[in-house]
Amino acid sequence: MEEKIVLNKLNRVNSFTYFKRSWMLYLMLLLPMAFFIVFRYIPMTNIVIAFKNYNMFQGVWATNAHPCPESGHTIACSHWVGFDWFKVAFASRDFWNAIRNTLWLNFLDLLFGFPAPIILALILNELVFKKFKRVTQTIIYLPHFLSWIIVSSIATRLLATSTGVVNIFLTETVGVGPIDFLMDKAKWVATYITFGVWKDMGWGTIIYLAAITGINPELYEAAEVDGAGRWRKLWNVTLPGIRPTIIVLLIMNIGRILGIELDRPWTMMNNIVIEVADVISTLVYRVGIRSFQFSLTAAIGLFQSVICVVFLVGANTLAKKFGERGIW
């Protein structure tokens, strides 16, 4: 009993000594903590809009109707409606079409876009001429800094049926075409995925190149002593060395399988391909925000977030079962 008391006192003294030495670090944490609390967690309380008949003029928390002092009529309030807006969303054909398109486009992005930066990083790592490597890295990074407005304009200039550079070349030089890259549904999906891979492939290589630089050079030396060639070192040293990074990024990408930004599909879609291009974000903007149905928008967004969390937790659990570290 006395030993426990002594240990508790020692722990208190050590904790006090540590805090006395490191109090400035905790003080510096107050500002980012305040930022997240004010701009991230407090706004989360407005998610109750999904469970209310939200009235933008009365506010989120106006739950009691009251008479207007001028006309005497009862003013609508943001009263609770439970899961009514979720029922409205689930009963909509456009909602399920957007779910299907979101899953399909994100799956294709994962299938073609996820391995691309890994392959590119492995190729760049094998380049001998450092100047050529730097120039190549700079060129492939640049598309990431272009907005999707610019990228969609480039796609239009290149692939337009009658005025696009590619179709003009195919028609006048090859004698094939014109090809409806932006009007045919299947070709639009292929164009959408191709430009997505082109835009983000170079940026993703930064993480993998950083992971490759963290591999112990002695492993390559040992592989050379064992007679391993370039491909054998790539397969047995480089890939296992960056596998934890690959797994973490794969889990994060799976967690975003139902999440999609507005700018990419919105700028590249048109009325002809809307059946395959309408995703959750465009549906929320088109049906919810532009039509002032904020409660419906919040319900769809909350459903999307919950499904993304489920995918994230599932992917992380599955990775841990296979012996990987996961993200938590």
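Contact here means heavy atoms within 4.5 Å. With that in hand, start at Phe303: leaving out residues up to four places away in sequence, Phe303 touches Phe86, Phe90, Phe95 and Ile99. Keep in mind as you look around that this is a predicted model.

Phe303 is found in helix H14, which covers residues 294–321. If you follow the chain on from there to Leu318, 15 residues along, the two C-alpha atoms turn out to be separated by 23 Å. Back at Phe303, there's some ring company to look at: Phe90, Phe95, Trp96 and Phe303 are linked into a cluster by ring pairs.

How many aromatic pairs does the count come to? The answer is 17. Take Phe51 and Phe83 from that set: their ring centres are 5.5 Å apart and their planes stand at 90°, so this pair is edge-to-face. Planes over 60 degrees apart count that way. Now for where the two rings come from. Phe51 sits in the loop between helix H1 (2–41) and strand E1 (66–67), while Phe83 belongs to the loop between strand E2 (74–75) and helix H2 (84–90), so the pair ties together parts that are 32 residues apart in sequence.

Phe51 also pairs with Phe86. Here the ring centres are 5.4 Å apart and the planes meet at 40°, so the pair is tilted. This one links distant parts of the chain too, with Phe51 in the loop between H1 and E1 and Phe86 in helix H2, 35 residues apart. Are these two partners of Phe51 buried or exposed? Phe83 has a relative accessibility of 54%, so it counts as exposed. Phe86, at 9% relative accessibility, counts as buried. Phe86 is also one of the residues that Phe303 touches, which brings us back to helix H14.

Rings can have charged partners as well. The charged end of Lys52 sits over the ring of Trp80, 4.6 Å from its centre. Elsewhere, Arg264 lies over the face of Tyr192, at 3.9 Å from the ring centre. Hold on to Arg264 and Tyr192, as both come up again.

On to the empty space. The largest pocket holds about 890 Å³. It is lined by 27 residues, and the closest to its centre are Asp109, Asp200, Asn253, Arg256 and Arg264. Which helices each supply at least two residues of that lining? They are H3 (93–113), H8 (185–213), H10 (230–255) and H11 (263–268). H8 gives the largest share, with nine residues. Sorted by class, the lining has 14 nonpolar, seven polar and six charged residues.

Asp109 is a good place to pause. It belongs to helix H3, and its relative accessible area is 17%, so Asp109 is buried; the cut-off for that is under 20%. Setting aside neighbours within four places in sequence, Asp109 is in contact with Phe114, Tyr192, Ile193 and Arg264. So there are Tyr192 and Arg264 again, the ring and the charge that lies over its face.

Two last stops round off the tour. Thr282 lies in helix H13, residues 280–289. At 0% relative accessibility, Thr282 counts as buried. Apart from neighbours within four places in sequence, its contacts are Leu262, Pro265, Trp266, Met269 and Ala277.

Asn216, by contrast, is found in the loop between H8 and helix H9 (217–225). Its relative accessibility is 36%, so Asn216 counts as partly exposed. From Asn216, look across to Thr238: the two are 22 residues apart along the chain, and their C-alpha atoms are separated by 9.8 Å.

Conventions. Residues are numbered from 1 along each chain as its sequence is written. This is a predicted model: local features need pLDDT of at least 70, side-chain atom pairs count only at pLDDT 80 or more; totals for chains, interfaces and linings use all residues. Side-chain values use heavy atoms; hydrogens and water are left out. On a 1 Å grid over the protein atoms alone, a cavity is a set of points where a 1.4 Å probe fits but cannot get out, and a pocket is an open set with protein on both sides within 12 Å along at least five of seven lines; lining residues have an atom within 4 Å of a point. Grid points are joined across faces, edges and corners, and a volume is the space filled by probe spheres set on the points. Helices (H or I, at least four residues) and strands (E, at least two) are DSSP runs, numbered from the N terminus. Ala, Val, Leu, Ile, Met, Phe, Trp, Tyr, Cys and Pro count as nonpolar, Asp, Glu, Lys and Arg as charged, and the others, Gly among them, as polar. Buried means under 20% relative accessible area, exposed over 50%, partly exposed in between (1.4 Å probe, protein chains only). Rings of Phe, Tyr and Trp (its six-membered ring) pair if their centres lie within 6.5 Å; planes under 30 degrees apart count as stacked, over 60 as edge-to-face and the rest as tilted. A charge sits over a ring if NZ of Lys or CZ of Arg is within 6 Å of the ring centre and within 35 degrees of the ring normal.
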